[in-house]
Amino acid sequence: MKGLRIIIWGILLFALAAGCMRIPMHERGSGVYIRISVDQSLDQSMEEYLVTNPSLRDKVAGKMPEMVRVCFYDVASHELVSEDFLPSGGGFVDIEAGIYDIVIYSLGTEVTQVSGTEKRAGAFAFTDATGVRVRPHSGQAKDDGIYNQVSTEEQPVIFEPDHLFAGIISGAVVPVRPDDAETVVLSADLSRVSETWTLEIPYIEGTERIRNAEVYITGQADGRFLWDRRTTGHPCAIALESGTGVQDGQIKSVFNTFGKYPQADSDVLVMVLVTTNSGARCLYVYDVTDQWLNPDNSTHRLIFEETMEIPDDDYQGGEVDPVVTDWEGVVTPVLIEC
């Protein structure tokens with residue numbers, strides 16, 4: 001019996017020794033360390049905006065990611081040859097000696113997705129379509145401001161992106177070295193792929209008659225590539241998900257976007273679909289292309305100096321009937337389809 005006990009204890013000790021074998025994860029093994037810096041800084045105007053809207057900080061600055069994906073690409077074929085996952089501050093990676101182009105991007109976004117990572121220049125960030133489309137009207141407006149011709153151009157509405165952070169290292173050299181060689185350190189700065197804008201409509205007559213206000217921004221890009229930050233696809237519209245509402249007689253909002261669709265003929269229109277207390281739906285549209293493209297508009301601020309007039313409660317209107325105000329901008333009715 002005593003001999004049997006000794007044998008059992010021997011088996012257990014052997015099993016424990018095998019179970020406690022050290023498995024290298026992000027410890028020094030390859031001698032290559034990637035140091036990562038995530039830039040969450042904001043300009044002064046946006047910091048001032050957040051003083052009165054502190055709940056929007058994560059939306060505007062972006063949440064600090066817990067993990068990132070590191071993609072290694074062959075410099076000749078640009079194909080993905082290896083990948084690793086690291087904490088947002090960086091860590092050691094297991095990679096063979098060679099020369100690589102590296103794309104690093106954050107994980108954990110709620111809306112923004114990444115696809116196309118099989119190729120270096122193919123990795124891009126995007127969001128899904130909501131199923132709603134907008135169609136600008138064309139032709140000359142009648143005296144009452146209603147356009148009687150409808151263009152065939154439609155823009156899908158996508159979900160507003162949350163911030164994804166990405167960075168690159170071009171031509172990173174991983175040398176062949178003995179185990180006792182010094183650590184090779186590669187540094188990468190990750191910045192937001194999308195940008196943030198604010199929208200203000202400060203002058204509204206009849207705000208007490210507004211039950212709800214929906215806001216769409218047209219002429220936007222539907223995605224952005226991570227390697228060179230060029231935009232993807234076709235023009236689309238963004239549905240503002242949060243931060244929109246009537247406060248102190250104004251409509252204010254902050255929104256994220258992949259940027260303007262680059263073609264010159266893709267106008268940026270702000271569409272405000274107001275539902276009044278009586279159930280009437282009124283569409284106000286303003287062309288903000290000049291504001292968007294103004295190089296002096298470094299604070300990314302869209303503001304309307306004209307007055308938006310909300311109709312009286314006896315106005316019945318219709319789902320796509322516009323209300324023409326005295327705005328000096330281009331007033332363009334838009335058909336919203338679901």
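**From a polar contact to the cores**

The side chains of N53 and T52 are joined by a polar contact of 3.0 Å. The model in which this pair appears is a predicted one. N53 lies in the loop that runs between α2 (44-52) and α3 (57-61). Because its relative accessible area is 18% and the cut-off for a buried residue is under 20%, N53 counts as buried.

The wider setting can now be described. The protein chain has 338 residues, of which 46% count as buried. Its secondary structure consists of 4 helices and 24 strands. Among the contacts in the chain with a separation of 6 or more, 71% are made by residues that stand 24 or more positions apart.

S106 offers an example of links between separate parts of the sequence. This residue belongs to strand β5, which covers residues 98-106. S106 is buried, with a relative accessibility of 4%. Along the chain, S106 and M64 are 42 residues apart, while 8.8 Å separates their C-alpha atoms. When residues up to four places away in sequence are not counted, S106 touches P65, M67 and V68, and also L164 and F165.

The nonpolar interior comes next. The largest nonpolar core contains 27 residues, and those with the most contacts inside it are L199, I217, F255, V270, V272 and L302. At least two residues of this core are supplied by each of β13 (195-201), β15 (210-220), β17 (236-239), β19 (250-257), β20 (269-276) and β21 (281-287). The largest share, 4 residues, is that of β15.

L199, one of the core residues with the most contacts, may be followed in detail. With its neighbours within four places in sequence left aside, L199 is in contact with V215, L240, I251, K252, S253, F255, V270, L302 and F304. A second core, separate from the one just described, has 21 residues, including I36, V38, A172 and A188.

The remaining feature is open space. Rolling a probe the size of a water molecule over the atoms reveals where empty space remains. The largest pocket has a volume of about 460 Å³. It is lined by 24 residues, and the closest to its centre are D58, K63, E110, D162 and H163. By residue class, the lining of this pocket divides into 8 nonpolar, 8 polar and 8 charged residues.

Methods: Residues are numbered from 1 along each chain as its sequence is written. This is a predicted model: local features need pLDDT of at least 70, side-chain atom pairs count only at pLDDT 80 or more; totals for chains, interfaces and linings use all residues. Side-chain values use heavy atoms; hydrogens and water are left out. On a 1 Å grid over the protein atoms alone, a cavity is a set of points where a 1.4 Å probe fits but cannot get out, and a pocket is an open set with protein on both sides within 12 Å along at least five of seven lines; lining residues have an atom within 4 Å of a point. Grid points are joined across faces, edges and corners, and a volume is the space filled by probe spheres set on the points. Ala, Val, Leu, Ile, Met, Phe, Trp, Tyr, Cys and Pro count as nonpolar, Asp, Glu, Lys and Arg as charged, and the others, Gly among them, as polar. A nonpolar core is a set of buried Ala, Val, Leu, Ile, Met, Phe, Trp, Tyr and Cys residues joined through side-chain atoms within 4.5 Å. Buried means under 20% relative accessible area, exposed over 50%, partly exposed in between (1.4 Å probe, protein chains only). Contact means heavy atoms within 4.5 Å. A polar contact is a pair of N or O atoms within 3.5 Å; within protein, one must be able to donate a hydrogen and the other to accept it, and residues adjacent in sequence count only if both atoms are side-chain atoms.
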